[in-house]
Every structure is written in C-alpha cells, then in structure tokens.
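Visitor: I am new to this structure and would like to learn how to read its features. Could you take me through them in turn?

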Amino acid sequence: SSRRRHTRYGTVTGVQTCALPIFLLIDPGSVGNLSGDRWAKECAQVALACGQTPTQARRPRPRSVMGVGNGNQTCTHNCTLPIALNRDDGSVHTGIFTTPVVANSDLPGLLGLHSMRRNRCVLDMVNLRLYMCGPADLQLNLPSGTESFQLEISPSGHLVLPCGNHPQAKNPRGSLHSTEVVLLSSELRANNDEPANADLAL
C-alpha cells in the first residue's frame, strides 16, 4: 500500500505553500532573497545529508522586513545554502542560495528580483519554465500579435509596470475607440549574494 507523505504548510500573502519538498518561491515582487528559519533549516539538512556544507553569518546590519509574517520583523543572519536544480534534460545544476533569514517563520525561500536579474532570468508563464540565459544577447521569437510593455525599477528597487499613461481624450464622450488589455486573475487548485565560479549563485 502507498504511504501518504505529510507536509507542513506556511502562508505567503494568503497563498498556502508546501514546505516539503524543498523549493524556491519565484518572487520578483521581493527585491532581494528572503526565507524563514524553518525553511532554511530544512534546506540545510537536505544539503548536509548530501555531503554539502551550508553556512550562516551575522549580517553587517540587521534587515527589517514587513508583509511576510507578523508585522515588522528583523533578519540578523544570512544563510548560504547549497541547492540543486533539475534541468529540462534531467541533469542537475548545483549552486548556492544566499538569503537573509526571518526568525520563527514558516516563510519559504523567496527567489528575489536582484538574483533573477543577476542570473539573466526569463520567466515563461505559459510553460511554467525559468530560463537562466547565457551571456549572449537575448533574442525572443515571439508570436504575431504579441504586446510588449517596458518595465521600470522603482525607487524602492521593485519591478513595476507603469499603468497611468492615459492619452488625452480626443474623441467626444461615448465615441472613444481604443485597444484594451484585460488582466484576469483566477484561483488554481492543485490535483489531490556572491557568485561561485560557474555554479549558480542566487
């Protein structure tokens, strides 16, 4: 008979996330990497069992974070955690994930915007893939009808899409002709900071 694997759940901005097996939550809304101490411990235990060496160091300055748990919390330590990612061809790419750690938290590891930009990441939201591009110029073969919008980095370091650039009305009220982009959101339910040589450094 099969045995059901029990997992512990945490909550990130209202979304339930399973803490086992070890995963990184892709979060370009977070400027930097971040994790809770329980996730960091689990990731470290997996690495130790595979002969890898996680490390921990006190931060030069504590980091204050909000919106990821109970009010305003402070990260006093960074963890450097060995990780292993499965490529599409079935091979494994090893690297390190460096993150400030929130104490007494079930927050999973968040892969933030800075790490994704440093690793030249492209998110494919259609096929649910993350591409870490090589050093050559990126060329996308996009289908006909594709709309392209320039993103910006806000003063806080977040990735933003300007959405207030309304053109001045040139047509009488009731006769405005425009092309609209409708963004829909739906809930999906599941069924039942240092580079290291050629390795991935997040």
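Visitor: Is Asp88 buried or exposed?

Guide: This is a predicted model, and in it Asp88 has a relative accessibility of 62%. The cut-off for exposed is over 50%, so Asp88 counts as exposed.

Visitor: Which side chain does Asp88 meet in a salt bridge?

Guide: The partner is Arg129, with 2.8 Å from N to O. Arg129 has a relative accessible area of 34%, so this residue is partly exposed.

Visitor: Where in the chain do Arg129 and Asp88 lie?

Guide: Arg129 belongs to strand S10 (residues 129-132), while Asp88 sits in the loop between strand S6 (73-86) and S7. The two are 41 residues apart in sequence, so their salt bridge ties together separate parts of the chain.

Visitor: Which strand is joined to S10, and how do the two run?

Guide: Strand S9 (residues 121-124) is joined to S10 by four bridges, and the strands run antiparallel. Within this pairing, Asp124 is opposite Arg129. Arg129 therefore has Asp124 opposite in the strand pairing and Asp88 as its salt-bridge partner.

Visitor: How many residues lie between the strands of that hairpin?

Guide: Four residues separate S9 and S10 there, and Leu128 has a positive phi near 55 degrees.

Visitor: How many salt bridges does a search of the whole structure find?

Guide: The search finds two. Besides the bridge of Arg129 and Asp88, there is one between Arg38 and Asp106, with the closest N and O atoms 3.3 Å apart. This pair also links distant parts of the chain, 68 residues apart: Arg38 is in helix H1 (residues 37-49), and Asp106 is in the loop between strand S7 (92-102) and strand S8 (109-111). Arg38 is partly exposed at 34% relative accessibility, and Asp106 is partly exposed at 31%.

Visitor: How should I read a pair of aromatic rings?

Guide: The description uses the distance of the centres and the angle of the planes. A search of the whole structure finds one aromatic pair. Its rings are those of Trp39 and Phe97, with centres 5.7 Å apart and planes at 80 degrees. An angle over 60 counts as edge-to-face, so that is the arrangement of Trp39 and Phe97. The pair links helix H1, which holds Trp39, to strand S7, which holds Phe97, across 58 residues.

Visitor: Are Trp39 and Phe97 buried or exposed?

Guide: Trp39 is buried, at 2% relative accessible area. Phe97 is buried too, at 0% relative accessibility.

Visitor: How many disulfides are there?

Guide: A disulfide is a covalent bond between the sulfur atoms of two cysteines. The count here is zero.

Visitor: Why does Cys43 have no such bond?

Guide: Its closest cysteine sulfur is in Cys79, 9.2 Å away, which is too far for a bond because the cut-off is within 2.5 Å. Cys43 is also buried, at 3% relative accessibility. For Cys121, the closest cysteine sulfur is in Cys133, at 7.7 Å, again too far for a bond.

Visitor: What is the mean pLDDT of the chain?

Guide: pLDDT is the predictor's confidence in each residue. The mean is 81, and 72% of the residues reach 70 or more. Residues 1-20 have a pLDDT below 50, and this stretch has 28 contacts in the model beyond near neighbours in sequence. The pLDDT is also under 50 over residues 188-198, with nine contacts beyond four places in sequence.

Conventions. Residues numbered from 1 in each chain as written. Heavy atoms only, no water. pLDDT = per-residue confidence, 0-100. Contact = heavy atoms within 4.5 Å. Buried < 20%, exposed > 50% of the residue type's maximum accessible area, 1.4 Å probe, protein only. Salt bridge = Lys/Arg side-chain N within 4 Å of Asp/Glu carboxyl O. Pairing = 2+ DSSP bridges. Phe/Tyr/Trp six-rings, centres within 6.5 Å; stacked < 30°, edge-to-face > 60°.
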